[in-house]
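Trainee: Please take one part of this model and look at it closely with me, and then connect it with whatever else helps to place it. I would like one continuous account rather than a list.

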Amino acid sequence: MLLGEKLIAFRDSSGRVGVMDQKCPHRCASLFLGRNEENGIRCVYHGWKFDTEGNCVDMPSVPAERDFKHLVKATAYKAVERNGLVWVYMGDRKSAPPLPQIEATLLPESEVTISFVQRECNWLQALEGDIDTAHFGFLHAGGLTANMIADDSIFRYTVTNRAPDYHVADTAAGTMYGAFRAAEAGETYWRFANFMLPFWTQTPQGKFTEHLHNRAWVPMDDTHTMFVSLMWRRHPPFVTDDKDGNMMPGFGRVFDYLPNTTDWYGRWRLNGRPENDWLIDRAAQATSGNYTGINGIHAQDQAVTESMGPITDHLFEHLGPSDMMIMRTRRRLLAVARAFAKSGKAPPGVDNPDIMYPVRSGDFVTEAGLSWRDAYDRQMAASVRPLQQAAE
Ligand code: FES
Ligand SMILES: [Fe+2]
């Protein structure tokens, strides 16, 4: 499922990837049942065969002199592979725009861990969890106290002060926030994160200078989202242990998947689901230091965003100062969508993919009083840039 369309994807005998409407243009049997033959997929109903571009290349159920295969085309989308991901262009342009220069997607596949998780709600409410750092001190760390966290871990400040202040701004690629709060005397603890059009984020959960990751919230349809995480393998592991080396309560990092099925919504689902109350353990919630009683950071995010319902009722919300980034991002998206609807203006990044490259997030401590832009620029200048460094 992509953007509400049921598609089949296959690799032909020459290695090309085909992504096309599942419906055979003859009489609508599903090409899911198709035979992957030489350089094309053949519908099993009457044997019509299509190449990866959707051309009907064989029509064996029709007498040769009445063949009309040149008039038949399956709906096929342009698909490109890069570093372990298949990118599909579903727009109207004759040739697809260039792929975005999002940093983690440019690294060789061997350098990146790619994970998928399906979420059963609208893509935007799922994405908004990534640009909402105020929830971290509750949903994930509400049961922790500062004395549980290693003395040298700056993560402790999310617990010593659970109400950060924010700077937010539009950027070339989307929006950015710098959340800040006091650290030790004379110091500020910063958490920077980004939204990048149309559905990418970078979270603040990691050491800024080495935090090379990108997260996509791809709309399968209006109420199902495929989360795609790309994480640089040499990124230092995120702190999950307390001072004594025990996993902090609820901090499980492994996805607890159901078996994949061939259903349109059958892939990369988590075991914790609305029907089983996301496996909430009330006893653990009451006594174990796991604030939610749900195990796993991603599972906790999944539970709260799915619990809002398939599409959040925004009229019911009461947004506050800690939601500044969410407000800014919604306005940015609306402005871009309206400009496109009104005059066809392409959203940022479509024709200028380079603007996606110099964007980073993460946490760090500086002296107090440094401006947020200077704090960000200084970290960027000190950041590890494996692609640039390889080029040099
Ligand atoms: S329905 Fe596919 S060939 Fe007839
Ligand atoms: Fe979260």
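Mentor: Let us start from Asp170, which lies in strand S10, keeping in mind that the model is predicted. With a relative accessibility of 39%, Asp170 counts as partly exposed. Setting aside residues up to four places away in sequence, Asp170 touches Thr175, Arg328 and Arg332. For a sense of distance across the chain, Asp170 and Ala74 are 96 residues apart in sequence, and their C-alpha atoms are 41 Å apart in space.

Strand S10 (165–170) leads us to helix H8, since it is included in what covers the buried residues of that helix, along with strand S11 (174–182), strand S12 (187–196) and strand S16 (362–367). Within H8, which runs over residues 372–382, the buried residues are Trp372, Ala375, Tyr376, Gln379 and Met380. Looking down the axis of H8, one finds these buried residues within an arc of 130°, so they line one face of the helix. The face of H8 turned away from this buried side carries Ala381 and Ala382, which are exposed.

From this helix and its cover we can pass to the nonpolar interior. The largest nonpolar core has 43 residues, and Leu127, Tyr177 and Trp200 are the ones that touch the most other members. Strand S15, residues 224–232, gives the most to this core, contributing 5 residues. Leu127, when residues up to four places away in sequence are not counted, touches Phe195, Phe199, Trp200, Thr201 and Trp217. There is a second, separate core of 14 residues, which includes Met20, Cys24, Ile41 and Trp48.

Strand S15 can be followed into the loop between S15 and H5, where His235 lies. His235 is buried, at a relative accessible area of 9%. Its contacts, again without residues up to four places away in sequence, are Gly206, Lys207, Glu210, His211 and Leu212. Among these contacts, Lys207 and Glu210 form a salt bridge with each other, in which the closest N and O atoms are 2.9 Å apart. Lys207 counts as partly exposed at 45% relative accessibility, whereas His235 is buried.

Beyond the far end of helix H5 (282–287), the loop between H5 and helix H6 (297–307) holds Tyr291. Tyr291 is partly exposed, with 40% relative accessibility. Its contacts, leaving aside neighbours within four places in sequence, are Phe138, Leu139, Gly142, Gly143 and Gln285. The C-alpha atoms of Tyr291 and Gly137 are separated by 9.8 Å, although the two residues are 154 residues apart along the chain.

The charged side chains give another way of reading the model, in which the count of salt bridges comes to 20. One of them joins Arg42 and Asp58, with 2.9 Å between the closest N and O atoms. Arg42 belongs to strand S4 and Asp58 to strand S6 (residues 56–58), so this pair ties together parts that are 16 residues apart in sequence. Arg42 is buried, with a relative accessible area of 17%, while Asp58 is partly exposed at 26% relative accessibility. The pair belongs to a network of salt bridges that links Arg35, Glu37, Arg42 and Asp58. Another salt bridge is that between the side chains of Glu275 and Arg273, at 2.9 Å from N to O. Here Glu275 is exposed, with 61% relative accessibility, and Arg273 is buried, with a relative accessible area of 16%.

Strand S4 (40–42), which we met through Arg42, is followed by the loop that runs between it and strand S5 (49–50), and Val44 lies in that loop. With a relative accessible area of 46%, Val44 is partly exposed. Together with Phe32 and Leu33, Val44 forms a nonpolar patch on the surface, for which the three residues have about 300 Å² of accessible area together.

To return to our starting point, Asp170 is a partly exposed residue of strand S10, and S10 is one of the elements that cover the buried residues of H8.

Note on methods:
Residues numbered from 1 in each chain as written. Chains lettered and ligands numbered in written order. Predicted model: local features only at pLDDT ≥ 70, side-chain atom pairs only at ≥ 80, totals over all residues. Heavy atoms only, no water. Patch = residues over 30% accessible without salt bridge, like charges linked within 9 Å, V, L, I, M, F, W, Y side chains within 5 Å. Areas by Shrake-Rupley, 256 points an atom, 1.4 Å probe, with all protein chains shown as cover. Salt bridge = Lys/Arg side-chain N within 4 Å of Asp/Glu carboxyl O. Helix = DSSP H or I, 4+ residues; strand = E, 2+ residues; numbered from the N terminus. Buried < 20%, exposed > 50% of the residue type's maximum accessible area, 1.4 Å probe, protein only. Core = buried A, V, L, I, M, F, W, Y, C linked by side-chain atoms within 4.5 Å. Contact = heavy atoms within 4.5 Å. Arc of directions from axis to C-beta.
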